[in-house]
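Hi there,

Here is the structure I promised to pass on to you. Have a look at it first, and then read on for my notes.

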Amino acid sequence: MAAVDLNTHPGHLARRLQQGHHLLWNAMVSEETTSPQFAVLNALVAEPGLDQRTVGERVNLDRSTVAEVVSRLTRRGLLDKVRDPRDGRRSLLRLTDDGARTHRRLAVRAARMSQVFLTPLSAEERTVFFDLLRRVADAAEGLRNPESGEGPAGPEG
């Protein structure tokens, strides 16, 4: 059997894309705060007081990953957990003052990094690129969450 052209395999290209993003993130945004950690901070800026499960849903992290991210951010003093006054079994997350400052600083750096990362694309190509990535990511989400009604064959099948 002949060798396969890996440039026709989305997983190979997605891995290369992720590697490039990771390198740029560490160089331009933060070596200490990861992209998923920033996503959690960002979710809590957008919607303060979410519980951990909901934060995970907002940023597409599984339960064990979001638990670890929240734990690390809490240890670093960027997040606080407070009891939900309506349901004492639940904890709500909120940014500390240091967490809000960290988010502001990283948001500016992340925007610059995204500009550098997308330099090969024109403005129009970036719009198409994001649309295509979202469509594939949404379809992949259906594979991970079969109860959504979108299995491997798509919504019909």
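Below is what I found, going from the whole chain down to single residues.

**Overall picture**

Please keep in mind that this is a predicted model. The protein has 157 residues, and buried ones make up 25% of them. Six helices and two strands are present, and from the N terminus on their order is α-α-α-α-β-β-α-α. Taken along the principal axes, the C-alpha atoms fill a box of roughly 60 × 40 × 30 Å. The accessible surface comes to about 10,800 Å², and carbon and sulfur atoms account for 54% of that surface. If you count the contacts with a separation of 6 or more, 48% of them are between residues 24 or more positions apart.

**How α2 meets α3**

The helix pair I looked at is α2 (residues 35-46) with α3 (residues 52-59). Their axes are 9 Å apart, and the packing angle is about 110 degrees. An angle of 65 to 115 degrees counts as roughly perpendicular, so that is how α2 and α3 sit relative to each other. On the α2 side the contact is made by A39, V40, A43 and L44, and on the α3 side by V55, R58 and V59. By type, these residues divide into six nonpolar, no polar and one charged.

R58, in helix α3, deserves a closer look. Its relative accessibility is 42%, so R58 counts as partly exposed. Leaving out residues up to four places away in sequence, R58 touches A43, E47 and L50. R58 and A39 are 19 residues apart along the chain, with 8.9 Å between their C-alpha atoms.

**The nonpolar cores**

The largest nonpolar core holds 16 residues, and the members that touch the most others in it are V40, L44, V55, L73 and L79. Two or more residues come from each of α2, α3, α4 (63-75) and β2 (87-95). There is also a second, separate core of seven residues, among them L24, W25, V29 and F38.

What does V55 touch, once residues up to four places away in sequence are set aside? The list is V40, A43, L44, L50, V66 and L93. V40 and L44 appear again here, and both also belong to the α2 side of the contact with α3.

**Buried residues with polar side chains to check**

Q37 lies in helix α2. With a relative accessibility of 5%, Q37 counts as buried, since the cut-off for that class is under 20%. Apart from neighbours within four places in sequence, Q37 is in contact with E32, V69, R72, L73 and R76. L73 is one of the core residues named above. Q37 and V66 are 29 residues apart in sequence, and their C-alpha atoms are 8.7 Å apart in space.

H21 sits in helix α1 (residues 10-29). Is H21 buried or exposed? The relative accessible area is 18%, so H21 is buried. Setting aside neighbours within four places in sequence, the contacts of H21 are with S35, M113 and F117.

**Partly exposed and exposed positions**

S114 is in helix α5 (residues 97-117). S114 counts as partly exposed, at 32% relative accessibility. The partner to note is L24: S114 and L24 are 90 residues apart in sequence but 8.8 Å apart in space, C-alpha to C-alpha. L24 is also a member of the second core.

N60 is in the loop between α3 and α4. N60 is not a glycine, yet its phi is positive, at about 60 degrees. Its relative accessible area is 43%, which means N60 is partly exposed.

Finally, D138 is found in helix α6 (residues 123-144). D138 has a relative accessible area of 55% and is therefore exposed. D138 and P36 are 102 residues apart along the chain, and their C-alpha atoms are separated by 18 Å.

That is everything from my side for now. Enjoy exploring the model!

Best wishes

Terms used
Residues are numbered from 1 along each chain as its sequence is written. This is a predicted model: local features need pLDDT of at least 70, side-chain atom pairs count only at pLDDT 80 or more; totals for chains, interfaces and linings use all residues. Side-chain values use heavy atoms; hydrogens and water are left out. Helices (H or I, at least four residues) and strands (E, at least two) are DSSP runs, numbered from the N terminus. Buried means under 20% relative accessible area, exposed over 50%, partly exposed in between (1.4 Å probe, protein chains only). Axes are lines fitted to C-alpha atoms, for helices over the stretch in contact, and angles run from 0 to 180 degrees between N-to-C directions. Angles under 35 degrees count as roughly parallel, over 145 as roughly antiparallel, 65 to 115 as roughly perpendicular and the rest as oblique. Contact means heavy atoms within 4.5 Å. Ala, Val, Leu, Ile, Met, Phe, Trp, Tyr, Cys and Pro count as nonpolar, Asp, Glu, Lys and Arg as charged, and the others, Gly among them, as polar. A nonpolar core is a set of buried Ala, Val, Leu, Ile, Met, Phe, Trp, Tyr and Cys residues joined through side-chain atoms within 4.5 Å. Accessible areas come from the Shrake-Rupley method with a 1.4 Å probe; for residues, only the protein chains shown count as cover.
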